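Hi everyone, thanks for coming. I'd like to walk you through a structure today, going from one residue outwards to the helices. Let's put it on the screen.

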Amino acid sequence: MRKRMIAGNWKMNNTRPEAVVLTQEIANRVPAAWLDQVDVVIIPPFIDLLPALTVLDFDKNEIAVGAQNCYWEDHGAFTGEVSVPMLKDLGVTYCIVGHSERRGLFGETDEDVNKKVKALIAGGITPIMCCGESLGIRDAGEYIEFVTAQVDAGLAGLDDIDMKNVVVAYEPIWAIGTGRTATPEQAEEVCAAIRAKLADMFGAETAEATRILYGGSMKPENVDGLLAMEDIDGGLIGGASLKSNDFKALIEAATK
Ligand code: PEP
């Protein structure tokens, strides 16, 4: 039985004071008992990590904090980058890797994704590895091959022990921030194909135990249908994670 996960990617939003307010609102609205049913992660920008962690720590709240990116080297002349040991020292427990915005806007390759995934696992932080196709690839009918190739490349060289600390997020690019959600059936088709790919790579038991999230305009109105799908274990949420009421509704849906 896979524990569900709801992770909120704040992207490049919220100054420190805004981050403190949003974190506190989420902490106040999510009863501790829900966290037995669902893992909740907030994923603010780097500068908001410590304020968010401080709020949650003060409240003794079990909501986890993740980063949106990292670099694979531990330290050195890499201006502008943040390493895994730096994140670990703060208390960060998850990190998004290979979000389509990083791939599309900042040139992150499958090889980079793989190096980051390996660095995170070695450093004791759980990667949330994103994959997903563009509208062009979907319309060409090549989305299954494309997404499973991203999974293959991103998780290359890992073993079943490593996979105990990996979360995969399927995020079709055409559904991110567009309001156009994949139907539950569309999302399930790809998430099931990802699980089959994981079974090829790591064996059936590991594939069954690995959490696969859906991301792309998930909101309170469509969450139930998506979470009802067998291979969808939760959500990676962008826009709706910035409103504490909506985020709370998504978390509550995942407890049912
Ligand atoms: C995301 O950026 O990971 C995402 C899913 O965004 P949204 O929910 O806004 O589509």
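Let's begin with A193: setting aside its neighbours within four places in sequence, A193 is in contact with I144 and T148. Before I go further, please keep in mind that this is a predicted model. So where does A193 lie? A193 is part of helix 8. A193 has a relative accessible area of 16%, and since buried means under 20%, A193 counts as buried. If you look for R2, you'll find that R2 and A193 are 191 residues apart in sequence and, C-alpha to C-alpha, 17 Å apart in space.

Now the helix around that alanine. Helix 8 covers residues 184-202. Its 19 residues, at 1.5 Å a residue, should span 27 Å, and the end C-alpha atoms are 26 Å apart, which agrees. Which residues of helix 8 are buried? They are A187, E188, V190, C191, A193, I194, R195, L198 and F202. Notice that E188 and R195 are on that list. Just after helix 8 comes G203, with a positive phi of about 100 degrees.

Next, helix 5, residues 110-123. We can check its length in the same way: 14 residues at 1.5 Å each should span 20 Å, and the end C-alpha atoms are 20 Å apart, which agrees. The buried residues here are D112, V113, N114, K116, V117, A119, L120 and I121. What do the buried residues of helix 5 pack against? Their partners are helix 3 (84-90), strand 4 (94-97), helix 4 (100-106), strand 5 (126-131) and helix 7 (143-154). After helix 5 comes G124, and its phi is positive too, near 80 degrees.

Let me pick out helix 7 from those partners. The axes of helix 5 and helix 7 come within 8 Å and cross at roughly 45 degrees. That angle makes helix 5 and helix 7 oblique to each other. On the helix 5 side we have D110, V113, N114 and V117, and they meet Q150, A153 and G154 in helix 7. By type, the residues of this contact are three nonpolar, three polar and one charged.

On to helix 1, residues 16-29, where I have two packings to show you. As a reminder, two packed helices are described by the angle between their axes and the distance between the axes.

The partner in the first packing is helix 2. The axes of helix 1 and helix 2 come within 9 Å, crossing at roughly 35 degrees, and the crossing is right-handed. Helix 1 contributes R16, A19, V20, T23, Q24 and A27, while helix 2 contributes I47, D48, P51, A52, V55 and L56. Sorted by type, that gives eight nonpolar, two polar and two charged residues.

The partner in the second packing is helix 11, residues 244-254. Here the axes of helix 1 and helix 11 come within 9 Å and cross at roughly 40 degrees, so the two helices are oblique to each other. Helix 1 passes helix 11 in a right-handed crossing. The contact is formed by L22, E25, I26 and R29 of helix 1 with S244, N245, F247 and K248 of helix 11. This time the split is three nonpolar, two polar and three charged.

While we're on helix 1, have a look at V21, which sits in that helix. Is V21 buried, partly exposed or exposed? With 47% relative accessibility, V21 counts as partly exposed. The C-alpha atoms of V21 and V55 are separated by 9.2 Å, with their places 34 residues apart along the chain.

Let me finish with some loops. Most residues other than glycine have a negative phi. Two lysines are worth a look here. K11, in the loop between strand 1 (4-9) and helix 1, has a positive phi of about 55 degrees although it is not a glycine. K60 has a positive phi of about 50 degrees, and K60 is not a glycine either. You'll find K60 in the loop between helix 2 (46-58) and strand 3 (64-67). K60 is exposed, with a relative accessible area of 70%.

My last stop is F78, in the loop between strand 3 and helix 3. F78 has a relative accessible area of 32%, which makes it partly exposed. Not counting residues up to four places away in sequence, F78 touches Y71 and E73. Thanks for listening, and I'm happy to go back to any of these.

Terms used
Residues numbered from 1 in each chain as written. Predicted model: local features only at pLDDT ≥ 70, side-chain atom pairs only at ≥ 80, totals over all residues. Heavy atoms only, no water. Axes fitted to C-alpha atoms, helices over the stretch in contact; angles between N-to-C directions. Helix = DSSP H or I, 4+ residues; strand = E, 2+ residues; numbered from the N terminus. Parallel < 35°, antiparallel > 145°, perpendicular 65-115°, else oblique. Left-handed = near helix turned anticlockwise from the far one by under 90°. Contact = heavy atoms within 4.5 Å. Nonpolar A, V, L, I, M, F, W, Y, C, P; charged D, E, K, R; others polar. Expected span 1.5 Å × (residues − 1). Buried < 20%, exposed > 50% of the residue type's maximum accessible area, 1.4 Å probe, protein only.
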